[in-house]
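Visitor: Hi, could you walk me through this structure? I am new to reading these, so please take it slowly.

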Amino acid sequence: MSWKFAYDSPTAITKLLEVHGLSMSKKFGQNFLLSRQVREHIVDEMKIDDSMKVWEIGPGIGSLTAHLLEAGCMVTAFEIDHGFCRILSDEAFGDDENFRLIEGDALKTWEKLFKVEGTPDRICGNLPYNVGSVCIAKLIEGKCLPQKMVYTLQKEVADRLCAQPGDKEWSSFTLLAQMDYVVKSAFSINSGAFYPVPNVTSSVITMDKREKPLVDPSLRDLFLMVIRDLFAQRRKTVKNNLLSGKTGAIIGKLGVDDVLESSGVLPGKRAEQLDWAQFIAISEAISNYRAKNLSDN
Ligand code: SAM
């Protein structure tokens with residue numbers, strides 16, 4: 001790779017963008033990671049080698065991409081900004097046979113590639129708030145489950161991913177992520193490490209795939225429906241959320257009463273007060289109730 005660029009220099013970045021007639025867009029959450037030390041730390045956390053296929057979501061002008069290519073990985077970069085795409089492919093990495101660019105909204109483009117090529121070894125990205133949470137949720141719901149994912153995220157998203165029962169950030173997003181992954185906050189990044197300086201704090205989180213998911217594969221789809229229903233309105237009770245969600249439409253009021261009784265969860269509890277065992281118990285009870293009613297009819 002012959003491209004050498006001073007990614008730690010705001011002056012060099014501004015000049016590069018000027019030459020290409022580009023500017024940074026708030027809409028796409030564009031804040032470049034200047035600090036080489038931080039970028040190296042992220043790559044260390046990824047535990048990569050030159051046999052690996054890596055997806056990078058939102059490469060920008062390639063500050064992390066350059067490290068991944070230096071390590072010899074096959075990098076597929078998903079970038080929405082056409083101007084940055086021109087820099088990446090025409091100037092920076094276009095002649096590197098280990099680099100491939102998928103232009104467009106990663107939230108829409110990843111699935112097509114996944115269907116053709118399957119799961120990569122690693123996924124990483126420094127992602128804006130809205131894209132970060134939706135992207136992680138879509139990948140897991142779509143069963144694109146690499147051995148390891150490493151993301152730089154706004155602290156609020158990271159806190160929801162790493163939350164434990166009883167935390168105020170404990171949510172259906174937490175359960176979705178932790179079902180297949182051990183999620184850890186690796187380190188925080190000061191806003192001064194970015195250009196332009198954002199008004200949020202960022203954290204790097206690592207997601208390591210569990211050997212065995214916390215939810216049995218036969219229960220997975222039902223479990224996802226149940227947690228979505230249970231957290232639909234945080235202030236509502238477990239019973240009312242089940243009744244007004246898809247679960248209620250499937251098993252009805254009698255079914256909901258039966259399910260809560262057999263799972264041992266008090267109807268007046270709220271989802272944020274439940275732990276893993278209770279979410280699984282509710283899902284199992286629904287599955288049993290459905291099986292029993294189907295065989296009775
Ligand atoms: N990776 C670079 C870095 O760390 O310096 C840039 C990170 S910047 C915070 C986020 C990048 O994600 C931008 O390049 C932005 O254009 C891109 N982006 C935002 N939304 C996107 C989406 N839906 N699909 C693909 N890229 C997106």
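Guide: One definition will help with the class counts to come: Ala, Val, Leu, Ile, Met, Phe, Trp, Tyr, Cys and Pro count as nonpolar, Asp, Glu, Lys and Arg count as charged, and the others, Gly among them, count as polar. Please also keep in mind that this is a predicted model.

Visitor: Okay, so what volume does the largest pocket have?

Guide: The largest pocket has a volume of about 990 Å³. It is lined by 48 residues, and those closest to its centre are Phe28, Gly29, Gln30, Asn31 and Pro128.

Visitor: And which elements give two or more residues to that lining?

Guide: Both helices and strands do, including strand 1 (32-33), helix 2 (36-46), strand 3 (74-79) and helix 5 (106-117). The largest share, four residues, comes from helix 6.

Visitor: How does the lining split by class?

Guide: Using the classes from the start, the lining of the largest pocket has 27 nonpolar, 15 polar and six charged residues.

Visitor: Where is the ligand, then?

Guide: The space that the ligand takes is the largest pocket, the one we have just been describing. There are 22 residues around the ligand, and the ones that come nearest are Gln30, Leu33, Glu79, Asp105 and Asn126. Strand 1 and strand 3 each supply at least two residues of this shell.

Visitor: What about the classes in that shell?

Guide: The shell around the ligand has 10 nonpolar, eight polar and four charged residues.

Visitor: Which atoms of Glu79 and Leu33 lie by the ligand's oxygen atoms?

Guide: For Glu79 it is a polar side-chain atom, which lies 2.6 Å from an oxygen atom of the ligand. For Leu33 it is a backbone N or O atom, at 2.8 Å from a ligand oxygen, and Gly60 likewise places a backbone N or O atom 3.3 Å from an oxygen atom of the ligand.

Visitor: How much of the ligand does the protein bury?

Guide: Taken alone, the ligand exposes 600 Å², and the protein buries 97% of that.

Visitor: Changing topic, is the peptide bond from Tyr195 to Pro196 cis or trans?

Guide: The bond from Tyr195 to Pro196 is cis, with omega near -10 degrees, and Pro196 lies in the loop between strand 8 (194-195) and strand 9 (202-209).

Visitor: Last one: what is phi of Lys47, and where is that residue?

Guide: Phi of Lys47 is near 50 degrees, a positive value in a residue other than glycine. Lys47 has its place in the loop between helix 2 and strand 2.

Conventions
Residues numbered from 1 in each chain as written. Predicted model: local features only at pLDDT ≥ 70, side-chain atom pairs only at ≥ 80, totals over all residues. Heavy atoms only, no water. 1 Å grid on protein atoms, 1.4 Å probe; cavity = no way out; pocket = protein on both sides within 12 Å on 5 of 7 lines; lining within 4 Å. Points joined across faces, edges and corners; volume = space filled by probe spheres on them. Near = heavy atom within 4 Å. Polar contact = N/O pair within 3.5 Å; in protein donor to acceptor, adjacent residues only side chain to side chain. Areas by Shrake-Rupley, 256 points an atom, 1.4 Å probe, with all protein chains shown as cover. Sits in = over half its atoms within 2 Å of the grid points.
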